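Please read the report below alongside the sequence and the coordinates. It deals with helix packing, strand pairing and one buried side chain.

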Amino acid sequence: MFYRYEINDDILYLYLTMNYEFSRELGLNSSDKELKRRTKNFIKNNHINFNNGKIYLIVDGIVVKSFEINDEENIETLKENLYYSNDHYLVTIKLDNGAIIEMSLKDYLLGVLATNSVADLDIEVIKSLAVLFRTYAFKEMHENKIINATNNIAIYKPISYYKLSLATNYSKMFSLYEKAIDDTDCIFLTYNDYYILPFVHVANNGITLSDSRYPYLSSVNSLWDFSSPYFVETTKFSYEYLSKLFKFDIKKDTPIEILEVSPYGKLLKIKIGNNTFDGKRFINMLNLKSQYINIIVNTNDIAFITRGFGNFLGISLYGANCLASNGCDYLNILHYYFPKTKFKKYIKELSD
């Protein structure tokens, strides 16, 4: 890898030596795309204040290659007659009480980010979420002309809702979300030239899952999730509590039978006594973190051991955070978890 750098006249000089590192950076098997990726990671990991521009590679005092990096070079720009920017694009929201309100895309994204993310995310992960939730807003407005505040993808609550609960951290959170939204303005994801659904989960079982209903979802390794605090979690419930929750008597000798699981072990159907439950409804009733569970019947309670947090589809927030800490930007992160998709960006077409 590079052993030294310097910036002069807005040009970044990266120094290598004629050895193994040289062959890795400039060998016959290395592509310009790979070179730019490694360069961006070096800039990120060394906190170099250089975002876009000309780069020279220096080997033993000789300039052997020059190129430019541009974070948005892989984003297709689409010209439109409408403003799709954060402040100009308006979304219509249907609240839980039936009221319908209109707001800017930016205000919507601030509320969705605050509601659907977790603490201590890297700014690059937050940018990834901003792109995903913007994609969802464009998709819903295009198809339905309205977005339900409560849905299975991206729940909306106004960001001001969190002022009291977050107290001293509110201003910091607001600034991070605002920066992520502004830095990704107008960018969204597509598959076959159409908007995708932004599947997000907190952590998985070491791999994300594909789903035949959504051909843009891929199964990719996310081994970082093994170190997540959500990788394994045990929750115990007394028989008395379970009896009240399910509204029928549950005892130690009540038969519990798992009727159906997915190939990866996801609970799809379970039977307790004479009552059968859909897996998703079952974990929602118990407020468990995933459908990947093992059940242990004890003398005084039943223990549910869950793995991961969420549905394992799309982007893993924990895995994405690990990628960001290793120098990946939001484009790298989204490309890793959604490899079949393409980045696109709207701009307003200028009139003659």
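The text that follows describes a helix pair, an open sheet, and a hairpin with its surroundings.

The model is predicted: local features need pLDDT of at least 70, side-chain atom pairs count only at pLDDT 80 or more, and totals for chains, interfaces and linings use all residues. Residues are numbered from 1 along each chain as its sequence is written, and side-chain values use heavy atoms, with hydrogens and water left out.

Helices (H or I, at least four residues) and strands (E, at least two) are DSSP runs, numbered from the N terminus. Helix 3 (residues 105-116) packs against helix 6 (residues 170-183) at about 125°, and their axes are 10 Å apart. Axes are lines fitted to C-alpha atoms, for helices over the stretch in contact, and angles run from 0 to 180 degrees between N-to-C directions. The two helices are therefore oblique to each other; angles under 35 degrees count as roughly parallel, over 145 as roughly antiparallel, 65 to 115 as roughly perpendicular and the rest as oblique. On the helix 3 side, K106, L109, L110, L113 and A114 meet M173, F174, Y177, E178, I181 and D182 of helix 6, where contact means heavy atoms within 4.5 Å. Eight residues of this contact are nonpolar, none polar and three charged. Here Ala, Val, Leu, Ile, Met, Phe, Trp, Tyr, Cys and Pro count as nonpolar, Asp, Glu, Lys and Arg as charged, and the others, Gly among them, as polar.

An open sheet of three strands has the order 13-14-15 with antiparallel pairing. Its edge strands are strand 13 (256-261) and strand 15 (275-278), each pairing on one side only. The twist averages 20° from one strand to the next. Helix 8 (residues 279-286) lies across strand 14 and strand 15, at about 95° to strand 15.

Two strands pair if DSSP finds at least two bridges between them. The table lists three antiparallel pairs.

| Strand pair | Bridges | Opposite residues |
|---|---|---|
| 13 and 14 (residues 267-272) | five | V261 and L267 |
| 9 (residues 187-191) and 19 (residues 342-348) | four | I187 and K345 |
| 9 and 10 (residues 194-195) | two | Y191 and Y194 |

Four of the five residues of strand 9 are buried, meaning under 20% relative accessible area with a 1.4 Å probe, protein chains only; exposed is over 50%, and partly exposed lies in between. In the hairpin of strand 9 and strand 10, two residues lie between the strands, and N192 takes a positive phi near 55°.

K139 lies in helix 4 (residues 123-144). K139 counts as buried because its relative accessibility is 11%. Not counting residues up to four places away in sequence, K139 touches Y194, Y195, I196 and L197.
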